[in-house]
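Work through the exercises below with the sequence and the structure open. Each task is followed by a solution in steps.

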Amino acid sequence: MRAGGGWSRSSPRPFGARQLASLAFVAPLLVYLGAFYAYPLYRNLDLSLRDYTVRSFVQGDAPYSGWDNFSTVLHDPTFGPAMRHTMVFTFVSIGFQYGVGLALAVFFNRHFRLASTLRALFLIPWLLPLIVSASTWSWMFNSESGVVNYGLHLIGVSPVGWLTSPDWALVSVIVANIWIGIPFNLVILYSGLQNIPAELYEAASLDGAGAWQQFRRITFPLLRPVSAITLLLGLVYTLKVFDLIWIMTKGGPGDSSSTLATWSYQLGFGTLLPKFGPGAAVGNILILIALVFGLLYIRVQRRQEA
């Protein structure tokens with residue numbers, strides 16, 4: 001404090017109206033994160049570490065079981081196929097989504113007539129409610145009345161049990177998920193293409209570079225940071241896809257299209273005697289996988305900002 005009684009610059013300032021106003025603006029966000037993220041994560045972790053039954057779930061007196069639920073699901077015969085299906089579903093989906101999305105982004109970057117209209121039409125799969133998209137694909141892949149089998153019939157190909165055959169169920173949900181995810185990749189990659197200076201392409205054309213050489217030496221390298229973010233976000237999102245698969249196949253027939261997300265739901269809510277603990281354990285494994293890729297996303301983002 002100064003000799004005249006005022007506060008010196010080195011002294012801590014009193015907690016005033018500006019700080020209270022700042023906290024008031026931040027408070028709704030903190031409440032939202034706590035209520036819809038932190039608390040559900042805590043409850044899910046608690047479920048996975050206790051032996052819950054329907055009675056103990058209501059009364060809250062489930063005994064502590066440690067890592068037994070994790071051990072149970074890791075040794076379950078369903079874990080291996082579910083993990084494999086999750087990886088195949090995720091990586092095949094994002095591979096095709098990125099490839100087709102990049103091709104469309106380069107195509108629309110030419111600024112021809114009706115480009116904006118066509119680009120807007122490609123956003124429809126992304127804007128539709130997922131239940132509508134999944135129901136539409138279920139109808140299209142119907143073994144008896146679906147338009148896909150009708151088209152195969154017209155060219156003399158025998159009908160395929162897209163949703164009822166163990167060999168085709170996973171393929172069917174992957175195709176539907178690719179269709180839904182292409183618009184996201186198109187929008188992000190198209191935005192990235194807009195930031196590439198046109199002068200680079202003009203200089204490359206003067207040097208005699210063709211379209212493929214321009215793409216390989218200019219477009220793709222300069223689009224790499226945006227591509228990394230697109231792939232990582234798509235990876236985290238696709239890992240947790242549940243509703244599309246559940247509406248189309250419910251993880252069946254058998255376990256032929258089950259993933260960690262659908263298996264977690266089946267354990268927790270799909271039977272008359274739910275297994276809350278193992279279901280939560282599978283959910284936590286899925287969260288851990290997504291967290292690893294989320295941290296990778298943060299690391300890539302920090303490298304770009306540096």
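**Exercise 1: Aromatic pairs**

In this predicted model, the count of aromatic pairs comes to 19. Task: for the pair Trp-137 and Trp-179, find what geometry the two rings have.

Solution. Step 1: take the ring centres, which are 5.8 Å apart, and the planes, which make an angle of 70°. Step 2: apply the cut-off, by which planes over 60 degrees apart count as edge-to-face; the pair of Trp-137 and Trp-179 is therefore edge-to-face. Step 3: place the two residues in the chain. Trp-137 is in helix α7 and Trp-179 in helix α9, 42 residues apart, and the pair links these distant parts of the chain. Step 4: check accessibility. Trp-137 has a relative accessible area of 10% and is buried, while Trp-179, at 33%, is partly exposed.

Task: classify the pair Phe-215 and Phe-220 in the same way.

Solution. Step 1: the centres of Phe-215 and Phe-220 lie 6.1 Å apart and the planes are at 45°. Step 2: an angle under 30 degrees would count as stacked and one over 60 as edge-to-face, so this pair is tilted. Step 3: Phe-220 has 35% relative accessibility and counts as partly exposed.

Task: which residues form one aromatic cluster with Trp-137?

Solution. The cluster consists of Trp-137, Phe-141, Trp-162, Trp-168 and Trp-179.

**Exercise 2: The sides of helix α11**

Task: compare the span of α11 with the expected one, then decide which residues face inward and which outward.

Solution. Step 1: α11 covers residues 211-222, which is 12 residues. From first C-alpha to last, α11 reaches 15 Å, close to the 16 Å expected at 1.5 Å a residue. Step 2: list the buried residues of α11, namely Gln-214, Ile-218 and Thr-219. These three cover an arc of only 85° around the axis, which puts them on the same side of α11. Step 3: look at the other side of α11, where Trp-212 and Arg-217 are exposed. Step 4: find the packing partners. The buried residues of α11 pack against α9 (169-194) and α10 (198-206).

**Exercise 3: Three buried residues**

Task: for Ser-133, Leu-235 and Phe-89, state whether each is buried or exposed, and what each touches.

Solution. Step 1: the cut-off for buried is under 20% relative accessible area. Step 2: Ser-133, in helix α7 (residues 130-140), has a value of 1% and is buried. Leaving out residues up to four places away in sequence, Ser-133 touches Pro-125, Leu-128, Trp-179 and Ile-180. Step 3: Leu-235, in helix α12 (residues 224-239), is also buried, at 5%. With the sequence exclusion of up to four places, the contacts of Leu-235 are Thr-90, Phe-91, Ile-94 and Phe-293. Leu-235 and Ile-94 are 141 residues apart in sequence, yet their C-alpha atoms are 6.6 Å apart. Step 4: Phe-89, in helix α4 (residues 79-108), is buried at 2%. Beyond four places in sequence, Phe-89 touches Leu-170, Val-173, Ile-174, Asn-177, Thr-238, Val-241 and Ile-245. By contrast, Phe-89 and Ile-131 are 42 residues apart along the chain, with 19 Å between their C-alpha atoms.

**Exercise 4: The largest pocket**

Task: describe the largest pocket by its volume and its lining.

Solution. Step 1: the space in the largest pocket is about 640 Å³. Step 2: the lining has 23 residues, and Asn-44, Ser-264, Gly-283, Leu-286 and Ile-287 lie nearest the centre. Step 3: the elements that give two or more residues to this lining are α1 (17-48), α14 (260-269) and α15 (276-305). Step 4: α15 provides the largest share, eight residues.

**Exercise 5: Backbone of the loop between α13 and α14**

Task: where is the cis peptide bond, and what is the phi of Lys-250?

Solution. Step 1: recall that most residues other than glycine have a negative phi, and that most peptide bonds are trans. Step 2: the bond joining Gly-252 and Pro-253 is cis, with omega about -5°. Pro-253 lies in the loop between α13 (243-248) and α14. Step 3: Lys-250 is found in the loop between α13 and α14. Phi of Lys-250 is near 55°, a positive value in a residue other than glycine. Step 4: Lys-250 has a relative accessible area of 48% and is partly exposed.

Notes
Residues are numbered from 1 along each chain as its sequence is written. This is a predicted model: local features need pLDDT of at least 70, side-chain atom pairs count only at pLDDT 80 or more; totals for chains, interfaces and linings use all residues. Side-chain values use heavy atoms; hydrogens and water are left out. Helices (H or I, at least four residues) and strands (E, at least two) are DSSP runs, numbered from the N terminus. Buried means under 20% relative accessible area, exposed over 50%, partly exposed in between (1.4 Å probe, protein chains only). Contact means heavy atoms within 4.5 Å. The expected span of a helix is 1.5 Å times one less than its number of residues. The arc is that of the directions from the helix axis to the C-beta atoms. Rings of Phe, Tyr and Trp (its six-membered ring) pair if their centres lie within 6.5 Å; planes under 30 degrees apart count as stacked, over 60 as edge-to-face and the rest as tilted. On a 1 Å grid over the protein atoms alone, a cavity is a set of points where a 1.4 Å probe fits but cannot get out, and a pocket is an open set with protein on both sides within 12 Å along at least five of seven lines; lining residues have an atom within 4 Å of a point. Grid points are joined across faces, edges and corners, and a volume is the space filled by probe spheres set on the points.
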